Amino acid sequence: MSELRGATIVGTGSAVPQRVITNDDLAQIVDTSDEWIKTRTGISERRIVESDVPVSELCIEAAQKALLNAKTKPEELDLIIVATITPDKIFPSTACIVQEKIGARKAAAFDLSAACTGFIYALEVANQFIVSGTYNTVLVIGAETLSKIVDWQDRSTCILFGDGAGAAVLKKAPPGKGILSTYLGADGSGADLLHVPAGGSKLPASLDTVEGKLHYIRMNGSEVFKFAVRIMAEAALKALEKCNKSKEEIDYLIPHQANIRIIEAALKRLNLSSDKVHINLQHYGNTSAASVPVALDEAVRSNKIKNGDIILLVAFGGGLTWGASVIEWYKDT
Ligand code: UT7
């Protein structure tokens with residue numbers, strides 16, 4: 001029998017590429033405008049990696065910062081989970097590449113695929129490993145280079161996405177501290193609403209798939225929008241209910257950064273004021289699995305989160321998937 005214990009985030013880190021692509025830059029490539037993009041999405045610019053930079057490079061930078069903030073050596077890690085839909089290769093996992101590069105010799109490593117909800121799914125896997133007593137120290141990374149799978153001639157998608165990585169180190173905590181509850185969900189009937197058609201076992205890469213642009217993101221924007229508006233509040237309320245907290249008790253919300261209109265709808269449904277939410281999509285766009293951990297790291301670094309605060313993380317994405325975590329922030333300094 002393992003001792004009764006919780007799990008908590010003891011350090012965060014993030015990395016975004018240097019290169020900035022503004023809305024005006026995109027208006028040079030496709031028929032769009034800064035005004036359309038800002039009013040429909042809230043996005044002003046995004047960060048894009050150079051063509052020879054794999055996602056593991058962003059993972060490593062974010063991981064090293066998180067380890068430093070957690071005062072943890074890479075050799076102490078028992079497990080590394082990388083949530084991504086843009087791995088370096090189909091296999092091996094990006095987590096294995098990160099494990100070697102940061103020198104986490106003792107750590108097991110795997111990737112997790114839950115699109116934009118990936119970080120919350122991975123956080124809960126880490127939580128379960130720690131609470132069960134199986135592992136003591138877990139590194140969770142959410143990272144994407146969506147620029148590599150975006151069709152830069154499709155104005156309905158290329159304006160939305162960006163690259164980045166966020167990481168968190170988790171350790172055990174006293175029961176009732178740290179992660180209080182997580183609610184995860186999925187609905188595979190919406191799998192084709194947001195997907196990359198080819199490159200897997202269903203439609204392996206061929207000349208035809210390349211010519212048909214089937215290796216790029218395809219999205220039914222308005223259907224995903226409707227789903228997102230409904231599910232953000234629903235997932236948040238389910239996670240709160242699981243740990244007997246009310247929405248009035250939320251000190252700070254870290255939502256998936258997809259569209260300002262989706263976040264505003266969630267705020268309204270949760271009756272939260274705009275000073276209780278972290279928004280950075282104007283700078284980075286939608287970075288999928290990186291979006292929540294990058295925002296969390298920014299909030300931590302700007303001292304918006306202190307011990308004892310109730311933090312709510314919530315995300316939705318391809319799959320369809322969704323998830324929310326309620327955390328009582330606890331860092332034993
Ligand atoms: O992590 C999950 C990822 N996905 C999402 O979160 C996406 C959720 N969906 C959305 O955020 C929104 O649906 C979009 C931002 C993608 C689109 O906004 P919308 O208000 O739903 O616009 P729409 O798709 O209904 O398009 C309205 C019009 C269309 O023209 P017509 O048919 O009315 O003449 C589009 O062709 O806007 C046009 N349009 C554009 N115009 C200028 C679409 N994209 C653009 C563009 N620039 N980039």
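Student: Which helix gives the largest share of the shell around the ligand?
Tutor: The model is predicted. In it, α2 (34–41), α6 (155–158), α8 (221–242) and α9 (260–270) each supply at least two residues of the shell. The largest share is four residues, and the helix that gives them is α8.

Student: Which residues come nearest to the ligand?
Tutor: The shell counts residues with a heavy atom within 4 Å of the ligand. There are 23 residues around the ligand. Those that come nearest are T32, R40, C116, H256 and N259.

Student: By class, how many residues of the shell are nonpolar, polar and charged?
Tutor: Glycine is counted as polar here, and Cys and Tyr as nonpolar. On that basis the shell around the ligand has four charged residues and eight polar ones. The nonpolar residues number 11.

Student: Which residues place a polar backbone atom by a nitrogen atom of the ligand, and at what distance?
Tutor: The cut-off for a polar contact is 3.5 Å between N or O atoms. A backbone N or O atom of R155 lies 2.9 Å from a ligand nitrogen. For G221, a polar backbone atom is 3.0 Å from a nitrogen atom of the ligand. So, with that cut-off, the names are R155, at 2.9 Å, and G221, at 3.0 Å.

Student: Which residue has a polar side-chain atom 3.0 Å from an oxygen atom of the ligand?
Tutor: Here the ligand atom is an oxygen, and the protein atom belongs to a side chain. The distance is 3.0 Å, and the residue is R261.

Student: What percentage of the ligand's exposed area does the protein bury?
Tutor: Start with the ligand taken alone: it exposes 950 Å². The protein's share of cover is 71%.

Student: Which domains supply the shell around the ligand?
Tutor: The domain assignment gives two ranges, 6–177 and 180–328. At least three shell residues come from each. The suppliers are domain 1 and domain 2.

Student: How many residues does each domain bring to the contact?
Tutor: The centres of domain 1 and domain 2 are 13 Å apart, taken over C-alpha atoms. Domain 1 puts 47 residues into the contact. The number from domain 2 is 47.

Student: Which residues of domain 1 lose the most area to domain 2?
Tutor: The two domains bury about 3,700 Å² between them, with 62% of it on carbon and sulfur atoms. Three residues together make 18% of what the domain 1 side buries. They are C116, I120 and Y121.

Student: Where are the cis peptide bonds at P92 and L320?
Tutor: Most peptide bonds are trans. The bond from F91 to P92 is cis, with omega near 0 degrees. The one joining G319 and L320 is also cis, with omega about -10 degrees. P92 is in the loop between β4 (79–83) and α4 (94–102), and L320 in the loop between β12 (310–317) and β13 (321–328).

Note on methods. Residues numbered from 1 in each chain as written. Predicted model: local features only at pLDDT ≥ 70, side-chain atom pairs only at ≥ 80, totals over all residues. Heavy atoms only, no water. Polar contact = N/O pair within 3.5 Å; in protein donor to acceptor, adjacent residues only side chain to side chain. Areas by Shrake-Rupley, 256 points an atom, 1.4 Å probe, with all protein chains shown as cover. Domains from an automatic or database assignment. Contact = heavy atoms within 4.5 Å. Buried area = accessible area lost by both parts, 1.4 Å probe.
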